[in-house]
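Reader: Could you walk me through how the side chains pack in this protein? I would like to see the reasoning behind each answer.

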Amino acid sequence: VQWERPWKTEPLIMLGAGLLISLSAGMLATLGLQHFASHLPAAQERFYAFVISSVSFQGVAMVLTHFFLREHELRWPEFLGFRNPNRRKAILLAFGIGILAVPLAQLLSKFSEMLLTLFQATPKMQPTMEVLRLSVSPGQRILFGFTALLVAPVVEEVLFRGIVYRLIQQRGFPRLALLVSSIVFGAIHNNLMTLLPLSCFAVVLALLYDRTDNLLAPIVAH
């Protein structure tokens with residue numbers, strides 16, 4: 001079972017510190033963009049901010065994870081589950097779970113919108129969806145689609161299910177692992193309206209990972 005391989009403390013610290021530094025640099029770069037490129041149209045500014053955010057989080061996370069896995073003598077195919085003999089069943093199950101999760105996520109989104117309205121808060125579109133809405137050129141839409149539909153699921157499942165969730169499980173706290181990894185996953189998307197549906201979806205993804213012992217499953221469902 002993959003998660004029984006214990007994650008070492010030092011590589012974990014290096015991975016976390018590297019991500020924090022990169023995210024901080026990305027935030028500074030975004031602030032600089034807003035200050036020095038204020039003449040740009042809103043659509044262009046948000047798109048460039050999206051690119052900075054993607055590189056500082058997803059791009060750097062993949063590089064740091066590569067070194068993290070190397071410290072544990074793990075290769076990407078093994079870690080992701082490509083060598084798992086049950087990978088086809090896991091992928092088929094993931095497709096089914098992903099399809100079933102869509103109406104549930106929509107209901108939870110409506111519920112979140114109602115709650116925010118009840119407390120006189122303004123429901124806002126998720127930042128990435130706002131970028132897609134404002135993007136006009138085919139190149140921007142292709143880059144956005146590639147990042148949102150392929151890169152983001154891989155990176156987020158690697159970090160939140162493959163590393164964080166398994167780490168807390170390894171320390172003997174399975175319920176805490178489910179709670180913490182799911183809430184943090186929902187919170188990083190920086191949107192109150194999607195916090196509840198994404199956190200609930202993260203619970204489903206974690207349970208799917210447990211059921212299949214294959215990281216491909218939550219990646220495909222995501």
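Here are some questions and answers on the cores, the aromatic pairs and the surface of this predicted model.

Reader: Let's begin inside. Which helix gives the most residues to the largest nonpolar core?


Author: Happy to start there! The largest nonpolar core has 28 residues, and those touching the most other members include Trp7, Phe68 and Ile163. Helices H1, H2, H3, H6, H7 and H8 each supply at least two residues. The one that gives the most, with nine residues, is H6.

Reader: Which residues does isoleucine 163 touch, not counting residues up to four places away in sequence?

Author: Isoleucine 163 is among the core members that touch the most others, so its list is a good one to look at. Leaving out residues up to four places away in sequence, isoleucine 163 touches Trp7, Leu12, Leu15, Thr65, Phe68, Phe79 and Val158.

Reader: How many residues are in the other core?

Author: This other core lies apart from the largest one. Among its members are Ala90, Ala101, Phe201 and Leu205. Its size is eight residues.

Reader: Now the rings. Is the pair of tryptophan 7 and phenylalanine 79 stacked, tilted or edge-to-face?

Author: A nice one for a chemist! The ring centres of tryptophan 7 and phenylalanine 79 are 6.1 Å apart, with 65° between the planes. Because planes over 60 degrees apart count as edge-to-face, the pair of tryptophan 7 and phenylalanine 79 is edge-to-face.

Reader: How many residues apart in sequence are the parts that this pair ties together?

Author: Tryptophan 7 lies in the segment before H1, whereas phenylalanine 79 is in helix H3. Both residues are buried. The pair therefore ties together parts whose separation in sequence is 72 residues.

Reader: And what is the angle between the planes of phenylalanine 47 and phenylalanine 50?

Author: These two lie in helix H2, three residues apart, about one turn of the helix, and both are buried. Their centres are 6.4 Å apart and the pair is tilted, with an angle between the planes of 35°.

Reader: On to the surface. Why does valine 180 count as partly exposed?

Author: Valine 180 is found in helix H7 and helps to make a nonpolar surface patch of about 580 Å². Partly exposed covers the range between 20% and 50%, so valine 180 qualifies with a relative accessibility of 31%.

Reader: Last one: which residues is leucine 23 in contact with, leaving aside neighbours within four places in sequence?

Author: Leucine 23 sits in helix H1 and is partly exposed, at 33% relative accessibility. Its C-alpha atom is 7.7 Å from that of serine 53, which is 30 residues away along the chain. With neighbours within four places left aside, the contacts of leucine 23 are Ser56 and Phe57.

Note on methods
Residues numbered from 1 in each chain as written. Predicted model: local features only at pLDDT ≥ 70, side-chain atom pairs only at ≥ 80, totals over all residues. Heavy atoms only, no water. Core = buried A, V, L, I, M, F, W, Y, C linked by side-chain atoms within 4.5 Å. Buried < 20%, exposed > 50% of the residue type's maximum accessible area, 1.4 Å probe, protein only. Helix = DSSP H or I, 4+ residues; strand = E, 2+ residues; numbered from the N terminus. Contact = heavy atoms within 4.5 Å. Patch = residues over 30% accessible without salt bridge, like charges linked within 9 Å, V, L, I, M, F, W, Y side chains within 5 Å. Areas by Shrake-Rupley, 256 points an atom, 1.4 Å probe, with all protein chains shown as cover. Salt bridge = Lys/Arg side-chain N within 4 Å of Asp/Glu carboxyl O. Phe/Tyr/Trp six-rings, centres within 6.5 Å; stacked < 30°, edge-to-face > 60°.
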